[in-house]
Every structure is written in structure tokens, then in C-alpha cells.
Amino acid sequence: QLQGSVFPCAARIALPSALFTLALNLLFYVDLIPRSWQEVGVFSVFTDGASWTGFTSLMGFLVVFRTSQAYARFWDGCTSAHLMRAEWFDACSSVIAFCSHSSVEEQSVLQFQHTLIRLYSMLHALALAEIEESDHTNEEGVHALDYPLIDIDAIDEESLRTIRKSDCKVELVFQWIQQLMVKNVSTGILSIPPPILSRAFQELATGMVHFHDALKISTTPFPYPYAQTCDIALLLHSVVTPFVMCRWVESPWWAFVLSFTQVFVLWCLNYISLELQNPFGSDANDLDTVAMQVEMNNQLVLLLMPETKRVPLVPKSAISRRLLPNADGQWCSGAPNAGSRSTFLRAWSEMDLKESRSSEKLGMESMELQGEDRKLSWLEDGADLGEDPNIPRLEGVAETARQWASPDPLRVVSLDPQALLAPAEAPRATGDEGLAGGGSGSTAAGQLGGMASAAQLHQRRQNL
């Protein structure tokens, strides 16, 4: 990829030098310039190669030393920025945890916690804006001032206006956080013992120290005299190299390759040092401070989630068992072969399997319920379900139900209650044929069985 690469910049300098080497060597090759000229002028300086070797050694030392110093500055800046964020998050996390010791009403505790995480989000964003390599006289040119914050709309306008007017924005929010914590010690929200609470103040102050370490690298440039010397020496090297290659190499194409390689490598190292000497800019090789701010916000919001405030508990049954290593060297409670969930991946896989089985079971129950609803709807309406093979066809159920429900004092039927709940293939109870007027007892019982099934389905649907 070309984004963030130093190759294009180095090639723009190395290519003209190599082309000049090629043209000069071609002139010697076709005898347009006599070979005797190589013994006079600038060519005669590099006859034995000792002078050129000393010059290139000096160039290598200057460029490599500058690159190594830039590399050290880069990693010092990255380390300070990450330590700053880690210390401030640790301080905020400790204070949120200390609130669980409070006996004050929950609403006041939540108000304190929400205010705290918003101030820490603002503190981190303002710190990134302060160490950013940009024009701080124009607030529109500072990219970090446009980074996302945690619900800045909840902060009052007077506080936002104070931050905008202040020349020490980071120190201002830093002081607000300390005052907020001290104020809520007297209210009882931070009722944790003072020696423990002092840890949060120490971590907050340590984060401020790392902020100033990062600010030192951002505001203190690489020594200009050294950088100027390197640049002039590199330009001189680019001009002299074509004459040296013509003196030592007779092939025009090999002279072109060797000249390009020497100039290109040295200028690549020089541009690398320029890219690394300040990691707090907006270039492709600088720190991704936007991602740092987003990650800080996510971590702060995590502190307020109910899942975070819930503490995992180990059952008493696990305490009574001894921890033993299994065949894989993983510790588990119980027998050595009981470590099937001794890793995150195995535990999560087992949980996914259980959830999958539970979903399949719920799906089957839902399908059964839908089928029973269809049966119930058909039995209640007396409709014909056509050719559905899953539901038996019973004709005349509604009419039979109306007949048996009619208040006829002369119609008395004695039925076994178990027969109403029996399957269709089971023997059905028969009615009193003398009083039923010669009607078929088995037919009536079958129809009443369908009515009982309808009642059962209706009751089951009500229960579900």
C-alpha cells in the first residue's frame, strides 16, 4: 500500500540521481566523453575508494542514529498515551467499585457515577487534543476536539463554556474530577476507608504524569541542527553518487541500479525518522487516537452496566470438591476427567449447544400448539379440514353437539367419563338404548369423544 509509505518520497529523489548516472555512463560508453576525463576533476577523488567509503560510512551513521532516536520517541509516546488511558480508567473503575460500599440512596449514587464517567471521557479527549500535532490556535483544526464523548449533552452549558475559554483544559477537568470525589466523601457515597480511597487519587495523578510525558514528546521537536545536517549531507550524497558510479562501474544499467539503491535506501531511512519522531499527528503512521477515545468510552460505559455490577458466584457444591488437573493440565473441580468446560471455548460451545436444543424444543412445542389450535378451531366451528392427514375427519360434530346439548328431559344417557377421554380406536361407552330411541350408542360416544377432545384442547390452550 502507498498510504503511509516512504517509498514515493524517497523515489522522487533517488530516481533523478539514478537517471543522471545512466545518462553520464552512456556518454562514456559511446565515447561521447573521453575516458581520460575520469582521471581529472571530481572523478579522480574516488580513484581508490577510501574517500567514498568514509563518506558513505558517515552518512550511514547520521541517518541510522536519527532513525533510532525517532523510533525511541515513537514508542515512548505510544507507551505514555496508553499508560495515561489505563491509569485513568483504573481510577474511574476503582471509584465506581467503591460506591458499592455506600449506604446512600441508589439515585444519588447513580448520579455521581454518571457524572464521573462523563468527566473522564472529556478528560481523555482533551488530553488527546492537547498532545495532538496541530495548530492549537484554531480549535477547528484540532481533530481530537471532534472525537466522540459520552453524552456531552448532559453537561451544563456553563461548564462547556468554561472549558472552551480555558487555556488549561486538561488540568481544569482534572480538578473537577478531584473536587467531585472529595465532595461525595462527605455525602457518604464514597464511604470506603480513606487509605483505600486514596488509591483512586494516586492513579488519577499517575495518569496526569503520563499525559505530560506524552506532551513532552509532542511539543519538543527533534533537534533542528541535527536534522539540517542530515538533510544537507543526503543531498550532497545524491549529487556525488552518479560520478562515483561512472568511475567504478562500466555497465550503464548496473550503474543505474546501484546508484538508485544507495540513494533510495538512505532517503527511506531519513523519511522514516520524520514519520516516527512524533506519533501524535494525523498521518497514517501515527497513533489511531480516534480508536483510543472510542475504546475509552466503551470501557467507561461498561462500568455502569448491570452485568458489570453483578459479581459471579461459585456454588457451594464446587467448594466442597477438590481442584484436580485433567489430562490436558487444566484444573477442574471433581474427577480429573470432568474438565469438559475447563476453557472458555469449551464452556461457550456447551452453552451454545444447550441454547440450540432449547430453541428446537420451543419450536416443536410451538408447532404442536399451532396444530392443536387448528383442531380446536375446527371442532368449535364444525368445519371440514379437507384432506389433512394429521387430523381425522368427523362429520356432524356440531349438529350432534347441539342435539346432545338440547334440554330433553326424556333423553338420559349414562356414559363412562373415561370413555370421553379415550382414543378413537378404544371401545366407547354405549348409551341406554331403551331411552335413546334405538340410537347407536357407539356413534354418540364417538361424537362426544370429539367434543371432549375439543374441551381438552381448549383447556390446554388456556393453560399455555
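**Helix H5, the pocket and the cysteines**

Visitor: Let's start with H5. Which helices do its buried residues pack against?
Guide: The buried side of this one touches four partners: helix H2 (50-98), helix H3 (106-131), helix H4 (157-165) and helix H6 (194-219). Keep in mind that this is a predicted model.

Visitor: Which residues of H5 are the buried ones?
Guide: Val170, Leu172, Val173, Phe174, Ile177, Leu180, Met181 and Asn184.

Visitor: What span should helix H5 have, going by 1.5 Å a residue?
Guide: Helix H5 runs over residues 169-186, which is 18 residues, so the expected span is 26 Å. The C-alpha atoms at its ends are 27 Å apart, and that agrees.

Visitor: And what follows H5?
Guide: Gly188 does, with a positive phi near 95°.

Visitor: Switching to pockets. How much space lies in the largest one?
Guide: About 770 Å³. H3 and H4 are the elements that each give two or more residues to its lining, and H3 gives the most, with five.

Visitor: Which lining residues lie nearest the centre of the largest pocket?
Guide: Of the 24 lining residues, those are Leu126, Glu139, Leu145, Ile163 and Lys169.

Visitor: What's the lining of the largest pocket like by class?
Guide: There are 12 nonpolar, four polar and eight charged residues.

Visitor: Now cysteines. How many disulfides does the structure hold?
Guide: Zero.

Visitor: Why no bond for Cys99?
Guide: The closest cysteine sulfur belongs to Cys92, and at 9.3 Å from the sulfur of Cys99 it is too far for a bond; the cut-off is 2.5 Å.

Visitor: Is Cys99 buried or exposed? 
Guide: Buried, with a relative accessible area of 5%. Cys246 also counts as buried, at 2%.

Methods. Residues numbered from 1 in each chain as written. Predicted model: local features only at pLDDT ≥ 70, side-chain atom pairs only at ≥ 80, totals over all residues. Heavy atoms only, no water. Expected span 1.5 Å × (residues − 1). Buried < 20%, exposed > 50% of the residue type's maximum accessible area, 1.4 Å probe, protein only. Contact = heavy atoms within 4.5 Å. 1 Å grid on protein atoms, 1.4 Å probe; cavity = no way out; pocket = protein on both sides within 12 Å on 5 of 7 lines; lining within 4 Å. Points joined across faces, edges and corners; volume = space filled by probe spheres on them. Nonpolar A, V, L, I, M, F, W, Y, C, P; charged D, E, K, R; others polar.
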